[in-house]
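Got your viewer open and a selection box ready? Here is a walk through the model, one stop at a time.

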Amino acid sequence: MTEDEFSADDWIDRLVQALLNLAEEQKPYLREYRKHDPRVYSKLGGRDGNPMAFSLNDLRDLYAVAFHSYDFGEEKHYADLNEVLNPLRGILRSHPTLARVMSPIIGRDDFWMRILGSGSSTSLTDLTAGLMARVGELPGDGFRKAATELNAFLVTGREDKTTDVPGDLDVGCDVVVFHGLSLREKLEIGNDMTIVPFEQVRVFVDEGVLEDVAPTVIKYNDWRSVGAVVKPFRWKPEFRRTGYEGNSELDRPGPFFRKAQEFLDLLAVSHGMPVVCLVAVPHCLNRGACRLLGQPHSHGAVYWGRSAHLFNGLSRSSDLVISKFAEAKNAFEERESERYRGVAPVIGRLAEALARGGQFVAEDQVLDVAIALERMFKPKGRNISTQLQKSVADFLGGKGQEQPHMKETVKHFYEVRSAIIHGPKDDKKTRLLEEKKKAFDGGFDLARRSLFKMLQNGLPQR
């Protein structure tokens with residue numbers, strides 16, 4: 001059959017019937033398989049009239065054993081199963097995309113599949129297992145849906161062809177997982193970046209990526225405390241006769257991850273709450289798409305976030321506040337501006353101050369804020385406290401007692417800072433060391449307000 005003569009609808013119809021035949025014929029073999037190892041039986045399917053499902057690996061093993069049964073003298077036992085598997089493989093082979101890469105020798109069913117720069121040898125047996133595993137997780141007429149999805153991937157896998165893959169299975173995403181703020185819906189950040197509840201990316205990201213960095217989240221099933229910054233991309237498989245593994249693009253995090261960290265820092269500062277970047281996971285693919293193609297679920301290497309070591313499994317998340325999200329988003333949109341670059345180090349400093357832990361957490365937080373204030377207002381010489389009192393109050397403005405209150409807050413903050421640095425030399429400094437949290441809260445609030453005003457209006461005039 002030439003490509004011009006190929007009818008996708010006819011191919012899907014024939015494939016659906018072959019899958020139905022296989023689903024019926026394989027039942028006794030699956031019962032036997034389950035008898036030898038009950039753990040392989042899954043309740044993934046069994047809904048909407050679908051058959052109960054076995055895992056992809058178990059189906060691949062069963063079909064491979066049947067395919068090679070003649071090698072170890074069990075062709076008779078697997079004759080009925082091969083009677084439906086062989087024509088099904090013939091239908092798969094007849095698709096123009098696969099016909100182009102298959103060996104002309106009957107029985108040589110291997111070919112090369114390449115996804116995002118990473119290649120591996122696969123076979124028509126693997127595709128068959130992928131189809132049946134995918135059927136088990138689809139509602140309704142899973143056989144036709146799975147066959148339609150595979151045809152779309154085969155078509156788009158040609159360099160000269162393109163088509164829409166049902167269910168956006170050809171959409172993957174880069175993901176940064178964070179802890180500290182809970183959200184209930186997807187929010188747009190800009191430039192194709194979004195922030196979503198972790199539940200919305202679990203089809204792309206295995207929860208196991210958090211086992212080392214945030215085990216308490218998994219242990220207590222605390223998924224609401226976890227969110228993700230996401231950037232989607234389109235991908236397509238490449239089908240070749242032979243190939244090589246090459247250098248996988250899956251392990252190359254791009255600039256998105258730096259941008260995501262910047263946004264999370266802004267989000268933390270705007271809320272005044274710790275937001276810890278746990279892991280960055282590039283090139284996450286849809287689990288259903290991988291299964292359909294007979295492949296294990298795929299994503300790139302997992303990178304710990306810059307502040308992952310600061311994660312406190314006992315800390316609770318706070319609800320994301322839309323107005324504060326908007327404040328962070330507006331600032332993020334200005335990150336290419338000169339005023340943003342002027343205060344960028346302050347953003348990271350304040351974000352890390354919020355997430356600090358350890359024996360000297362209170363002292364470190366006060367010192368972080370002191371560094372931030374001095375980076376923004378740049379006092380010179382002596383009397384830093386007096387200079388900052390005036391600079392902060394003048395810059396933030398206010399009426400009535402607001403400016404005197406700001407000055408008093410800065411004055412107290414720097415008295416506590418001095419006690420931390422120089423030690424409790426007298427009763428006053430001993431008392432001040434007991435007021436570290438008050439000093440941090442007041443100093444951080446002024447630093448946060450100054451930062452966002454500078455991001456909006458520019459640095460103060462000198």
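Across which strands does helix α9 lie, and at about what angle does α9 run to β5? Select residues 255–271 to bring up α9, then look at what sits against the helix: α9 lies across β5 (171–179), β7, β8, β9 and β11 (276–284). Against β5, the helix runs at about 35 degrees. Keep in mind as you click around that this is a predicted model.

**The six-stranded sheet**

Now color the strands under α9. They belong to an open sheet of six strands, in the order β7-β8-β9-β5-β11-β12, and the pairing is antiparallel. Go to the edges next: select 187–190 for β7 and 303–304 for β12, each of which pairs on one side only.

For one pairing in detail, pick β8 (residues 193–197) and β9 (residues 226–234). These two strands pair in the antiparallel sense, over four bridges. Show Pro197 as sticks, and you'll find Gly227 of β9 standing opposite.

**The three-stranded sheet**

Hop over to another open sheet, this one built from three strands in the order β4-β3-β10, again with antiparallel pairing. Select 118–123 and 238–240: these are β4 and β10, and they stand at the edges with a single partner strand each, so one side of each has no neighbour in the sheet. From one strand to the next, the twist averages 30 degrees.

Next, highlight β3 (residues 110–115), which is joined to β10 by three bridges. Zoom in on Met113, whose bridge partner in β10 is Phe239. Then add residues 124–135, helix α6, which lies across β3 and β4 and runs at about 90 degrees to β4.

**A stop at Phe153**

Keep Phe239 displayed and select Phe153, which lies in helix α7 (residues 142–156). Is Phe153 buried or exposed? Its relative accessibility is 0%, so Phe153 counts as buried. To see what is around Phe153, leave out residues up to four places away in sequence and show its contacts: Val165, Leu169, Asp170, Trp235, Pro237, Phe239, Ala289, Leu292 and Leu293. If you like distance labels, put one between the C-alpha atoms of Phe153 and Asp164: they are eleven residues apart along the chain and separated by 8.6 Å.

**Two helix pairs**

Select 361–377 and 384–396 for helices α13 and α14. They pack at an angle of about 70 degrees, and their axes are 11 Å apart. That angle makes α13 roughly perpendicular to α14. The crossing is left-handed. For the contact itself, show Leu373, Glu374 and Phe377 on α13, plus Ile384, Leu388, Ser391, Val392 and Phe395 on α14. Color by class and you get six nonpolar residues, one polar and one charged.

Last stop: residues 402–422 and 436–457, helices α15 and α17. Here the packing angle is about 125 degrees, with the axes 9 Å apart. The two helices are therefore oblique to each other, and α15 passes α17 in a left-handed crossing. Which residues of α15 meet α17? Turn on Met406, Thr409, Val410, His412, Phe413, Val416 and Ile420; across from them in α17 are Lys436, Lys438, Ala439, Gly442, Gly443, Leu446 and Arg449. The class colors for this contact come out as seven nonpolar, four polar and three charged residues.

Technical notes. Residues numbered from 1 in each chain as written. Predicted model: local features only at pLDDT ≥ 70, side-chain atom pairs only at ≥ 80, totals over all residues. Heavy atoms only, no water. Axes fitted to C-alpha atoms, helices over the stretch in contact; angles between N-to-C directions. Parallel < 35°, antiparallel > 145°, perpendicular 65-115°, else oblique. Left-handed = near helix turned anticlockwise from the far one by under 90°. Contact = heavy atoms within 4.5 Å. Nonpolar A, V, L, I, M, F, W, Y, C, P; charged D, E, K, R; others polar. Pairing = 2+ DSSP bridges. Buried < 20%, exposed > 50% of the residue type's maximum accessible area, 1.4 Å probe, protein only.
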